[in-house]
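Reader: Please take one part of this model and go through it closely. I would like a single connected account, with the terms defined as they come up.

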Amino acid sequence: MKLKERLNKVTREHGLENAILATILLFLFNLLFPTHDSILLFICGEILVSLTVIFLYNYIHTYLASRLEFPLSLVLNAGILGALIFFITSGTIALLGDPSGSTTGFFNSLLSILLNFVFIGCAVYIFSTFRELSFLRQKKNPSTYYNTMLVYFALSFFSETFLKIFSGITFIQTAVYVVTIILMGLNSVRVSWIAFLTKRQKYYLLIVSIILSILFGMNYAAVMNDNMIRKILYLFSPGLHTFVNLVMLYGTISFGVIFFTTLFHLPTAEAFDRKAEEVSSMMDLTNLVTQVFDFKELAETITTITARVCNAESAWLITKNKNEIELSSVNNIGFVDADRITNQLFGSGDDDYNSIEIIQYENIIPSVKNGEATFKSIAIAPLKVQGVVNGYLFAARKRDNVFDLDEKKAVQAFADYAAVALENAKLLKESIEKERLEKELDVARDIQRKILPSVIPSTDQLQISALFIPAFEVGGDYYDFFEIDEERLGFVVTDVSGKGISAAFIMAEVKGIFESLSKLIINPRELLINVNDILKGSLDRRNFVTAIYGVINKKTGILNFARAGHTPIHVCSGDKIERYQPQGIGLGLDYRPGFASSLKEMEIQLKNNDIVICYSDGIPEAKNNLEEDFGYDRMDKILQKSHNSDLDSISNNIIQELTVFSKNHSQHDDITLVIFKWNQNN
Amino acid sequence: MADFNVNLRGVGSVSVIDVKGYLDAHTAPELENVFNKLLDNRQFKVIVNFDELKYISSAGLGVFMAYVETMRENKGDIKFSNMKDNVYNIFDLLGFPILYEFFKEEKEALQKFDSLG
């Protein structure tokens with residue numbers, strides 16, 4: 001086994017070297033011994049010839065194997081070599097005349113050797129070609145028959161040799177010869193590759209094969225007959241003569257079979273072409289469907305292919321979105337005409353084509369232009385995905401013959417592709433849209449962060465800690481600080497109702513309003529009344545903004561503030577906590593004088609180390625497992641415990657407690673927490 | 001997630017909306033549909049009974065704000081009744097009691113409508 005593998009490897013890898021070596025050896029041998037009178041020389045000669053043939057065969061056969069895509073060129077090459085042999089044989093016979101002529105002398109023997117080499121080359125090449133052809137497009141492995149034939153070829157080759165050694169067994173030679181011919185016949189019928197040729201190629205092959213069959217027949221006759229060629233070959237090597245002879249016969253049989261097969265394939269050639277085109281179109285489409293996401297572009301391809309494969313003059317594709325019909329692409333018909341015919345077909349009322357239908361109309365006029373032939377039949381195939389019809393594919397034909405079953409199936413198949421493509425395009429659009437929205441949300445979140453103050457104006461007199469935790473979506477919390485003068489600091493904490501982009505936009509506007517008004521109005525109540533007036537024009541009826549605006553005097557510790565619907569302010573004095581919730585309705589809830597009249601301002605005198613806390617409702621409204629609110633009391637308790645710590649730890653404590661409290665709930669609202677601490681003595 | 005239920009019934013010339021569960025951005029459209037129906041039928045006297053409402057978000061509050069003006073312009077109103085403390089606190093914080101009438105019992109709200117004719 002190993003030896004065989006190694007041998008195979010050597011013959012395969014050094015195919016060319018082996019072939020050349022054998023040729024040279026054979027050449028030298030024949031030059032030295034022009035006649036093989038002794039039996040030993042004879043056997044040597046035969047072995048050398050057979051080795052040359054085998055090595056050449058091995059080499060050429062691997063070379064041809066790389067060109068299997070083009071069976072016609074294989075045939076043509078074999079044909080050319082056949083023709084070459086034909087010219088050489090007829091030339092030789094014409095020049096050298098009858099076989100009684102002399103073959104001795106150096107020049108003559110050289111010529112005869114060269115001639116024999118040409119024969120070896122051509123015969124081996126042709127033989128290899130037949131091998132490739134009979135292996136081409138075979139479903140079952142044909143090698144058993146083929147290898148048997150090879151054995152019989154070899155037997156035929158050496159039959160002369162045996163005859164020379166053991167005379168009187170001519171019947172064996174004849175038997176081997178006959179079996180070889182039968183095997184050639186068997187191998188020749190493996191011509192399924194012909195079916196896959198196009199119609200044009202089949203016509204071409206028909207002509208070529210009959211010529212070649214005759215040509216090879218003539219070659220066979222020339223080699224068989226008692227003439228100069230036979231003599232030259234026979235003297236060189238009787239085995240070679242038999243081989244050439246068999247190859248020529250093989251050619252005659254093979255090309256004959258090819259001729260008749262092609263002839264019988266011709267009537268179905270067109271149908272086969274169409275089927276082949278259909279299959280390749282489908283394959284192209286499958287690729288397109290997964291690669292092209294522009295539906296219009298794909299629709300264009302689909303209509304083109306439909307018209308071509310289904311033998312229709314025109315094709316067009318419409319998409320249906322709810323009840324709106326849109327023409328996606330047309331092939332060989334104007335948009336206007338396609339539109340008109342579509343309307344004509346769907347106008348009759350019973351316009352639900354749930355499966356493919358062929359409609360034959362007398363009166364469908366393809367064009368408003370005069371003189372054009374009318375469409376005789378139109379195939380309508382629905383674009384169906386999961387039972388929903390998203391459009392239709394039309395194929396229209398002017399000829400009298402109605403769409404046959406195959407064409408109908410093809411139209412439906414293309415419609416199915418279109419349906420899938422349409423669905424893909426839709427899904428892709430949706431996912432792009434979603435991605436776009438997510439990106440926008442990112443941008444909005446980014447902007448929201450930038451709207452919040454980047455620097456907290458904390459001083460020794462008035463320490464400030466501010467914290468903002470956005471919910472997953474963009475929210476509408478906003479806080480800011482405004483340095484009115486050296487003594488007074490304005491601050492605002494607001495919460496826009498709702499979430500998402502709209503809330504973020506309002507929040508941005510609110511910032512603008514507070515920032516400009518804080519420079520003009522110091523009184524918190526008046527400021528909020530003005531904000532409410534300005535917001536009137538931009539807030540939707542169902543939106544509102546809650547806010548606390550306050551001013552702290554760092555020197556005196558006086559806190560003035562007004563509350564518009566916002567959560568109360570907590571003031572922690574020692575371990576005593578007071579909640580302040582002066583009257584005031586949310587901004588945007590009422591634009592009438594009622595807003596101003598109900599808004600109360602409050603003034604608180606802070607004591608040394610008092611802590612003031614403002615926040616958004618994200619804190620008290622945070623929920624736990626039992627749907628309970630975090631509420632105010634929990635926050636106050638934390639304050640009480642940690643009022644001596646620094647502001648950041650208070651803030652952390654509150655958030656920590658809040659996180660533990662609502663651990664199984666996702667944060668559904670923004671959280672803002674602003675803490676002040678006033679120090680009198682600094 | 002949280003479920004919400006809304007039921008509409010007529011008591012004389014007044015429409016009573018019973019709200020139940022969680023009224024937030026997701027469930028608010030259900031309530032809006034009811035209000036739209038009332039507008040279509042030109043019914044402007046509305047009592048919202050909060051007896052079984054557990055939670056209301058700002059989006060839920062927005063629904064009342066969106067319709068109250070139309071009701072009032074047509075000599076009607078939206079009045080609230082049977083509100084639990086935690087829900088009332090939310091309304092109270094925002095100052096709704098200044099703008100809307102709140103009643104402990106639905107009956108009282110009905111009487112208020114009746115007394116005005």
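Author: What follows is an account of the sheet in chain B and of the helices described with it.

This is a predicted model, in which local features need pLDDT of at least 70 and side-chain atom pairs count only at pLDDT 80 or more, while totals for chains, interfaces and linings use all residues. Residues are numbered from 1 along each chain as its sequence is written, and chains are lettered from A and ligands numbered from 1 in the order in which they are written.

Chain B has 5 helices and 5 strands; helices (H or I, at least four residues) and strands (E, at least two) are DSSP runs, numbered from the N terminus. Along the sequence their pattern is β-β-α-β-α-β-α-α-β-α. The chain has 117 residues, of which 43% count as buried. Buried requires 20 or more other C-beta atoms within 10 Å of the residue's own, exposed 12 or fewer, and partly exposed lies in between, with C-beta atoms placed from the backbone.

The 5 strands of chain B make an open sheet of mixed pairing, in the order β1-β2-β3-β4-β5. Two strands pair if DSSP finds at least two bridges between them. At the edges are β1 (4–11) and β5 (101–103) of chain B, each pairing on one side only. On average, neighbouring strands of this sheet are turned by 25° against each other, direction ignored. Angles in general run from 0 to 180 degrees between N-to-C directions, and axes are lines fitted to C-alpha atoms, for helices over the stretch in contact.

Strand β4 (residues 77–81) of chain B pairs with β5(B) in the parallel sense, over 3 bridges. Within this part of the sheet, Phe80(B) has Phe102(B) in β5(B) as its bridge partner.

Helix α2 (residues 58–73) of chain B lies across β2 (14–23), β3 (45–56) and β4, and runs at about 135° to β4(B).

Helix α1 (residues 28–40) of chain B contains Val34(B). Contact between two residues means that their C-beta atoms, placed from the backbone, lie within 7 Å. Beyond its neighbours within four places in sequence, Val34(B) is in contact with Val6(B), Leu8(B) and Ile17(B). Ile17(B) is 17 residues from Val34(B) along the chain, and their C-alpha atoms are 8.2 Å apart. Is Val34(B) buried or partly exposed? Val34(B) counts as partly exposed because it has 19 C-beta neighbours inside 10 Å.

For chain B as a whole, 69% of the contacts between residues at least 6 apart in sequence join residues at least 24 apart.
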